[in-house]
Amino acid sequence: MVDGRVSATARTILRLSSVVAGLLGWHYLAVVVVKDGGVLASPLEVLARAYEMTVVTGELYPHLFASSMIFFYGFGLSLIVAVPLGFVLASTRLAWDYANPWITAAYTAPGVAFAPILLFWFGIGTGSKVAIVFLACSFPVLLNVYHGMRVVNREYVELARCYRLTRWALFRHILLPASLPFILAGVRLAVGRGLTGVAVAEWFGASEGLGYLIFFAGQTLNVPTLFVGVAVFTGLGIAGFEIVRQVEKYATPWLAGGPWK
Amino acid sequence: MKPRPAFTRGAVSVVAGVAMWEICARALLENELLIPPPTSVARTFWSLAASGELNRHFVATATEFALGFGVACIVGVALGYLMGRYRWVDEIMEPWVAVLSSVPVVTLVPLIIVWFGIGMFAKVVVVFKVTLVAVTVNTSAGIKSVDRVWLELARSMRMSSWHTTWKIRLPAALPFIMTGMRLGVGRALLGVVLAELIASEAGLGYLLRESSEMWDSPKLFATIVLLVAIGLANFSLIRRVEQPMAPWRRTAEWSMDA
Amino acid sequence: MTTTRPVLELRNVGATFPGTGKEPVQILTNINLSVREGEFVSIVGPSGCGKTTMLRVVNGLMPASSGEILIDGEAAGQVGDQLLMGFVFQAASLLPWRTSLKNVLLGLEGRVHDGRDADEIARKYLDLVGLTGFENHYPHQLSGGMQQRVNLARALAVNPRILLMDEPFAALDAQTRSFMQLELLRIWTQTRKTVIFVTHMIAEAVLLSDRVIVFSHRPGTIRAECNVSLPRPRDMDTKSSPQFLDLEKQIWKQIEEEVRDAGGFGQS
């Protein structure tokens, strides 16, 4: 039981003061306690650097662009491949039984393990990076599409049989809408994994991109830049999730609250 | 007892896949480096294990993982409980938890290395962060979702606050806590391997980098296979533990998250 | 029974909910009720009239906004936790991670210090409700009727002064409900607890009780009291006796009028 009546204003005050206190604490820590710019930068320094990178030199943009391109190619490709594939696998028990061990193995393994192989095969270039993102995104989508189709309520399927719907009609009017929440949840996961994939890909011999920016800043102890990079990356992630959330709201308006994470 | 068809088909698929891999690698590709055949991977694996090198790295990764994960679970449950139970704690902590959970681990690793160096402690911190977020968020959700009827039951039985927490709130939140742990495990594994990949002298992630830098593909593949095996083992282990812990929850929801 | 002090007395009790506007909503008003020891009292009334609220006020789950509640002559607040009320919820509120035995033990755990004694008591009550052999079953392995029986055993195990039952059979199918009514009669005959029983089903109220209280529509107050002098022990045949049907009709008429006064069915 959550302790009852905390008014909306009290809530906002608590949140705001928490954030402000945190920022002040950070600043104090950076400027008074640590004092070593190579370890911790104060929020002001980070803001200044952010300003510099966006407005003054504009050096952020090429990196942002490079990473975004890789992400969109990999993400887009994965949707094109994984969604239909998921439907196909869901349609026959047989197909899934054969594919399952491989898919589960690929999904549960830490994605970074596959990166070196992909670099071997595709060399250091955009291709291998897109491949890494592609793989990172495909599996959550694939698995969610499959399971979305599988857990569709029995009764809906029986209803379709009563009305003698064709397979295609069954798919289009019942299975697809019913599994849409799962699919979109998978897409949401794919966003997170895809962005991680971008960063991992950029660690291996990239010369531009947000991931590269972060790693290079880390190696040169350029903490403000590092923070800026992390912030932008996080921002992308949040934006991505929000977009998918909005799509979810629009495409599946019948889901009021939604399941827990 | 006859195994279910799903299992046999899966097993057949794996065996067939490995066999095909062997045939293709030996017959078609000339360059062994590109795709080493499973037999040579197995040989390398064996020699690594025998020499104790594999052990050394495995133990390093495992220790980092166990330490970070264990501490994070305890702290996470405590924090999650407070957040779930007391609204004001929730409001204060929420912004920070939200920020912490939306920052991808990948991007934090360089920062953690800057702060904590390339030793073991940094990896423990990575595992800690990842697990803490997952466990806290899910524990909080679990505590918040305790059925009001049970709490009213406790009140009508005049149960003390302490008893209510230990006998009702925490058991009710247990499935959520387990979910948090499950989510944490997958991500923590990724985090620790990545951290070792970037800056380390020991551990499976280090092996990944070393073998790829030296173009030793059998070794690379051996490491990858091991990591895949660990991932799979984690997955099925947690599955197995989760069910008896919460037998009343029909996991019809194929909880897919990581 | 000689003229002893009633077990439970409500004097001018009222209760309010904070409303959506500025004014609190009056749920109960001017409740005056006296319950003797060993009496089985049912409460019926139109939907939303505050029957459940009254139970919760008596149990202390909700504060009364006015009036007094006396248990054995003493103000309810002052009574120590010896005097538990047993509350049987409508939803089978069994803890799903505990077996039926452990669920019954829940109330005993703070009170009875010797584990073995507590165990014995719990088993005794499970036996009373007819569930011997199901001690180690989990709630999800039990049917709805069985779950409610565990619920009942749990409420009885702490030896409460008064047993409060809030539409306990509402979620059961009609057949199970009829069986449970007879079960309850049997158990009550053996334990002779003082019971306050809220229900929507008039026939159920008449079958089980010594007295039926009819509530008015919101704000709920006691509109009428009906003594049920049907002889005990009662069974399914009692339900077709002319006296029974007559009582049922009388009470139904009261409720009908209340609903009409309130402005028709579905409002309150």
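Contact here means heavy atoms within 4.5 Å. Everything shown comes from a predicted model.

**View 1. The two domains of chain C and where they touch.** Chain C splits into domain 1, covering 8–84 + 162–267, and domain 2, covering 96–159. Their C-alpha centres sit 26 Å apart. On the domain 1 side, 15 residues are in contact with 13 residues of domain 2 of chain C. Put a number on the area and you get about 1200 Å² buried between domain 1 and domain 2 of chain C, with 70% of it on carbon and sulfur atoms.

**View 2. A salt bridge between the domains of chain C.** How many salt bridges does the rule find across the interface of domain 1 and domain 2 of chain C? Just one. C:Glu183 pairs up with C:Arg149 in a salt bridge, and the closest N and O atoms are 3.9 Å apart. That pair makes the list because the cut-off for a salt bridge is 4 Å. As for polar contacts, the count between domain 1 and domain 2 of chain C is three residue pairs, both residues at pLDDT 80 or more.

**View 3. What domain 1 of chain C brings to the domain interface.** β7 (162–166) and α5 (174–191) of chain C each chip in at least two residues on the side of domain 1 that touches domain 2. The largest share of that side, eight residues, comes from α5(C). Sorted by class, the residues on this side of domain 1 of chain C come out as eight nonpolar, three polar and four charged.

**View 4. Chain A against chain B.** Here 58 residues of chain A are in contact with 63 residues of chain B. Chains A and B bury about 5700 Å² between them, and carbon and sulfur atoms give 75% of that area.

**View 5. Salt bridges and polar contacts between chains A and B.** The rule turns up two salt bridges across the interface of chain A and chain B. One of them joins the side chains of A:Asp97 and B:Arg9, at 2.5 Å from N to O. Seven residue pairs, both residues at pLDDT 80 or more, are in polar contact between chain A and chain B.

**View 6. The chain A side of the interface with chain B.** Several helices of chain A each supply at least two residues to the side that touches chain B, among them α1 (8–34), α4 (93–108), α8 (167–203) and α10 (223–251). Which helix gives the largest share of this side of chain A? That would be α4(A), with ten residues. By class, the side of chain A that touches chain B has 40 nonpolar, eleven polar and seven charged residues.

Methods. Residues are numbered from 1 along each chain as its sequence is written. Chains are lettered from A and ligands numbered from 1 in the order in which they are written. Side-chain values use heavy atoms; hydrogens and water are left out. Domain bounds come from an automatic or database domain assignment. Buried area is the accessible area (1.4 Å probe) that two parts lose on being put together, summed over both. A polar contact is a pair of N or O atoms within 3.5 Å; within protein, one must be able to donate a hydrogen and the other to accept it, and residues adjacent in sequence count only if both atoms are side-chain atoms. Helices (H or I, at least four residues) and strands (E, at least two) are DSSP runs, numbered from the N terminus. Ala, Val, Leu, Ile, Met, Phe, Trp, Tyr, Cys and Pro count as nonpolar, Asp, Glu, Lys and Arg as charged, and the others, Gly among them, as polar.
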